[in-house]
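Subject: Handover of a structure

Dear colleague,

Please find below the sequence and the structure that I am passing on to you. My notes on them follow directly.

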Amino acid sequence: MAAVMVARQGRELQRYSASTGGRVVVGCVPYRVRADGEVVEVLVISSQKKGPAGGVLIPKGGWELDESMDEAARREAAEEAGVVGETGPALGRWCYRSRSYPDATYEGFVLPLRVTAELDRWPEMAARRREWVSAAEAIARCPHLWMREALQRFADTVAAEATHFASSAL
């Protein structure tokens, strides 16, 4: 599937947290259930700054004033990982320190995103690699505690439900 899009840039529409003062970000755990219905895989991306040496990440970015949380999660998935899909209820809220701005505490929300299509071209394709892995592998390779916790919550809830649903439908 091909799509033409440009990544949003700038901070004019950025939301800031009333509780932490830092940016509010929204991410997602893109996932698919393999054809056998037994395994859920998550799509992880490489760091834009550190490449594969920086471990793996989930797509995430600033939640802007003119979009819903769902729209922000889907936009980040398309921009950073080149996938589109349907989101589910938020897995939770995390507060974390920015590595780029050590004095800033960000507030992050993460949603599951069931992937319905992979794009052939996307805005950050030259800067990131994408890879389908198990949730356990994503957790082991992710350097950020809050993302690992979100991935674990995904594995404990959404992934378990998805494999149960897929196997009962067979």
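The count of salt bridges comes to 14, where a salt bridge is a side-chain nitrogen of Lys or Arg within 4 Å of a carboxyl oxygen of Asp or Glu. Please note that this is a predicted model, in which local features need pLDDT of at least 70 and side-chain atom pairs count only at pLDDT 80 or more, while totals for chains, interfaces and linings use all residues. Residues are numbered from 1 along each chain as its sequence is written, and side-chain values use heavy atoms, with hydrogens and water left out.

Salt bridges within helices

Side chains of opposite charge can pair when their charged atoms come close. One such pair is Asp70 and Arg74, whose closest N and O atoms are 2.6 Å apart. These residues are four apart in helix α1 (residues 69-81), so about one helical turn separates them. Helices here are DSSP runs of H or I with at least four residues, strands are runs of E with at least two, and both are numbered from the N terminus. Asp70 is partly exposed at a relative accessible area of 25%, and Arg74 is also partly exposed, at 34%. The terms are set as follows: buried means under 20% relative accessible area, exposed means over 50%, and partly exposed lies in between, with a 1.4 Å probe and protein chains only.

Helix α1 also holds Arg75 and Glu79, again four residues apart, or about one turn. Their salt bridge has its closest N and O atoms 3.5 Å apart. Are these two residues buried or exposed? Arg75 counts as buried because its relative accessibility is 11%, and Glu79 counts as buried because its value is 4%.

In helix α2 (residues 135-141), Arg141 and Glu137 lie four residues apart, about one turn of the helix. Their side chains meet in a salt bridge of 2.8 Å, N to O. Arg141 is partly exposed at 32% relative accessibility, as is Glu137 at 33%. Elsewhere, Arg32, Glu41, Glu118 and Arg130 are joined into one network by salt bridges that share partners.

Strands

Strands β1 and β2 pair in the antiparallel sense over three bridges; two strands pair if DSSP finds at least two bridges between them. They form a hairpin with six residues between them, and Gly37 in the turn has a positive phi of about 75°. Val33 has Val40 in β2 as its bridge partner. Strand β2 (residues 40-47) is largely enclosed by the rest of the structure, because eight of its eight residues are buried. On β2, five bridges lead to strand β8 (residues 130-134), and the two run antiparallel. Val42 stands opposite Val133 in β8.

Tyr31 is found in strand β1 (residues 24-33) and counts as buried at 11% relative accessibility. Tyr31 and Arg114 are 83 residues apart in sequence, yet 5.1 Å apart in space, C-alpha to C-alpha.

Nonpolar core

A nonpolar core is a set of buried Ala, Val, Leu, Ile, Met, Phe, Trp, Tyr and Cys residues joined through side-chain atoms within 4.5 Å. The largest one has 42 residues, of which Val29, Val42, Val110, Leu151 and Phe154 touch the most other members. Leaving aside residues up to four places away in sequence, Val110 touches ten-membered surroundings that I list in part: among them are Cys28, Val29, Ile58, Leu91, Trp94 and Trp146. Contact here means heavy atoms within 4.5 Å.

Yours sincerely
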